[in-house]
Every structure is written in structure tokens, then in C-alpha cells.
Amino acid sequence: MELRRTRRGWAEPQPSHCPDCQEALGGGRMLVGTAQCSGCGQSHRTHTCTACWYTIYSPHLTDRCELSAFDGRRSTRTLGQGTEDSDV
Ligand SMILES: [Zn+2]
Ligand SMILES: [Zn+2]
């Protein structure tokens, strides 16, 4: 059931440990997502550590990158999962 398609050519770096808090990832300790990038025209795979919420982007973000459909810095609220700014 794991996403292993290395034979097809997307040898995706699947982090085994969080580079930030060193927590072992995998088995539900990591959220995997996709961030659409309008900067480099492709999407970045995201691996988010659920311990410290550090997000690893694959490929790494560059200066050109502009994420448009993630929780990003561009204040897109289109995802609808924003309970952050509802103070009630
Ligand atoms: Zn972490
Ligand atoms: Zn990009």
C-alpha cells in the first residue's frame, strides 16, 4: 500500500526522520500532501512532521517558488481547512 514507484522514475525522497526535531516519521506521524507551485510550474510533494509541523518539500523550494494551494504564505483560504483565524 505504500507509494513506491521508484521503477517508474519518481524516486521520491521519503524522509525517514524529521530534519527539524529528529522524530521518526512514517506510520501516521507524517502528513503527505501536494503543494501546487506556480513559480516553477510543477507541484511539490510535502511531508509534514506531525510532531513539530515542519514541512519538507520535494523538490526543495527555490526562490522562484510560489505555492498557491497549500497553507502557504500567500494567504489563500481556498482550502477551507482554516480554523486558525476563527476566534469565535
Ligand atoms: Zn519534526
Ligand atoms: Zn516550486
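Begin by selecting glycine 41, which takes a positive phi near 75 degrees in the hairpin of E1 and E2, a hairpin with six residues between the strands. The strand labels used here are DSSP runs numbered from the N terminus, where a strand is E over at least two residues and a helix is H or I over at least four. Residues are numbered from 1 along each chain as its sequence is written, while chains are lettered from A and ligands numbered from 1 in the order in which they are written. What you see is a predicted model, in which local features need pLDDT of at least 70 and side-chain atom pairs count only at pLDDT 80 or more, although totals for chains, interfaces and linings use all residues.

**The sheet**

Next, select the strands themselves: three of them form an open, antiparallel sheet in the order E1-E2-E3. Strand E1 (30–36) and strand E3 (55–58) are the edge strands, each of which pairs on one side only. Direction ignored, neighbouring strands of this sheet are turned by 25 degrees against each other on average, where the axes are lines fitted to C-alpha atoms (for helices over the stretch in contact) and angles run from 0 to 180 degrees between N-to-C directions.

Two strands are said to pair if DSSP finds at least two bridges between them, and E1 pairs with strand E2 (residues 43–49) in the antiparallel sense over seven bridges. To follow this pairing, select leucine 31, which stands opposite threonine 48 in E2, and then glycine 33, whose bridge partner in E2 is threonine 46. On the way to E3, which is joined to E2 by four bridges and runs antiparallel to E2, stop at histidine 47, where the residue opposite is isoleucine 56 in E3.

**Positive phi and a cis bond**

Most residues other than glycine have a negative phi, and most peptide bonds are trans. With that in mind, select tryptophan 53 in the loop between E2 and E3, a residue other than glycine whose phi is nevertheless positive, near 65 degrees. The hairpin of E2 and E3, to which tryptophan 53 belongs, has five residues between the strands. Tryptophan 53 counts as exposed because it has 12 C-beta neighbours inside 10 Å; a residue is exposed with 12 or fewer other C-beta atoms within 10 Å of its own, buried with 20 or more, and partly exposed in between, the C-beta atoms being placed from the backbone.

Glutamine 22, in the segment before E1, also has a positive phi near 65 degrees, and with 11 C-beta neighbours inside 10 Å it counts as exposed. Then move to proline 59, in the segment after E3, where the peptide bond from serine 58 is cis, with omega near -5 degrees.

**After the sheet**

Which residue in the segment after E3 should be selected next? Choose leucine 67, which lies in that segment and counts as buried, since it has 20 C-beta neighbours inside 10 Å. Its C-alpha atom is separated by 5.6 Å from that of glutamine 36, although the two residues are 31 apart along the chain.

**Confidence**

Finally, colour the chain by pLDDT, the predictor's confidence in each residue, from 0 to 100: the mean is 76, and 62% of the residues reach 70 or more. Over residues 74–82 the pLDDT is below 50. Where pLDDT is low, the predicted coordinates should not be read in detail.

Note on methods: Contact = placed C-beta atoms within 7 Å.
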